[in-house]
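Biologist: I'd like a close look at one part of this model, please. Could you walk me through it slowly, as I'm new to this?

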Amino acid sequence: MAKAAGAVSRMGMSLVTRTGNSAKGLQAYAIPRLQTFLKYAKVELKPPSLGEMGQVQEGINNIIVSARTGKWKQLTVRQAGLNTLVGLEVLFCFYIGEIIGKRNIVGYYIPGAVHYEGSV
């Protein structure tokens, strides 16, 4: 009986040691990457300041002018692909905001507009 208890105790200690070592490894792997992410997130995800609004307006005007003059036809495939990805990112952020605002993936809840009992 004492041998079995000793074996179980050693097995438990071994498991705790291995779990602690893998947690340290995970921490050593994740912390630098998380710090890099946070560094870029502070810059890239903040809304434009009042000083940057002129640049935003200028960028929008450039897009309108290039659409009117056909300048968009002179883009490289890489530039067109990047522009498409940026447009999709903005679109998806809009849709995610809509879902968060609705608190539902499908449709809005309008009281009195839906009959759940099955009778119309």
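Biologist: In which helix does Phe-92 lie?

Modeller: Happy to. Keep in mind that this is a predicted model. Phe-92 lies in helix H3, which covers residues 77-102. Let's place that helix in the chain before zooming in. The chain has three helices and zero strands, so to speak a plain α-α-α pattern when you read along the sequence.

Now for H3 itself. The helix has 26 residues, and from its first C-alpha to its last it reaches 37 Å. That is close to the 38 Å expected at 1.5 Å a residue. Just after H3 comes Arg-103, with a positive phi near 60 degrees.

Back to Phe-92. Its relative accessibility is 47%, and partly exposed means between 20% and 50%, so Phe-92 counts as partly exposed. Phe-92 also has company on the surface: together with Leu-82, Leu-85, Leu-88, Leu-91, Phe-94, Tyr-95, Ile-96 and Ile-100, it forms a nonpolar patch. Added together, these residues have about 900 Å² of accessible area. Here's a handy rule for reading the numbering: an α-helix has 3.6 residues a turn, so residues three or four places apart point the same way.

Two members of that patch deserve a second look. The structure holds one aromatic pair, and it is made by Phe-94 and Tyr-95. Their ring centres are 5.7 Å apart and their planes are at 55 degrees, which makes the pair tilted. Tyr-95, at 44% relative accessibility, counts as partly exposed because that value falls between the 20% and 50% limits.

For the wider setting, look at the chain as a whole. Of its 120 residues, 2% count as buried. The accessible surface comes to about 11,300 Å², and 66% of that belongs to carbon and sulfur atoms.

Helix H2 gets a similar length check: its 17 residues (53-69) should span 24 Å, and its end C-alpha atoms are indeed 24 Å apart. After H2 comes Gly-70, whose phi is positive, near 85 degrees.

Terms used: Residues are numbered from 1 along each chain as its sequence is written. This is a predicted model: local features need pLDDT of at least 70, side-chain atom pairs count only at pLDDT 80 or more; totals for chains, interfaces and linings use all residues. Side-chain values use heavy atoms; hydrogens and water are left out. Patches are made of residues with over 30% relative accessible area and no salt bridge: like charges are joined within 9 Å, nonpolar side chains (Val, Leu, Ile, Met, Phe, Trp, Tyr) within 5 Å. Accessible areas come from the Shrake-Rupley method with a 1.4 Å probe; for residues, only the protein chains shown count as cover. A salt bridge is a side-chain nitrogen of Lys or Arg within 4 Å of a carboxyl oxygen of Asp or Glu. Helices (H or I, at least four residues) and strands (E, at least two) are DSSP runs, numbered from the N terminus. Buried means under 20% relative accessible area, exposed over 50%, partly exposed in between (1.4 Å probe, protein chains only). Rings of Phe, Tyr and Trp (its six-membered ring) pair if their centres lie within 6.5 Å; planes under 30 degrees apart count as stacked, over 60 as edge-to-face and the rest as tilted. The expected span of a helix is 1.5 Å times one less than its number of residues.
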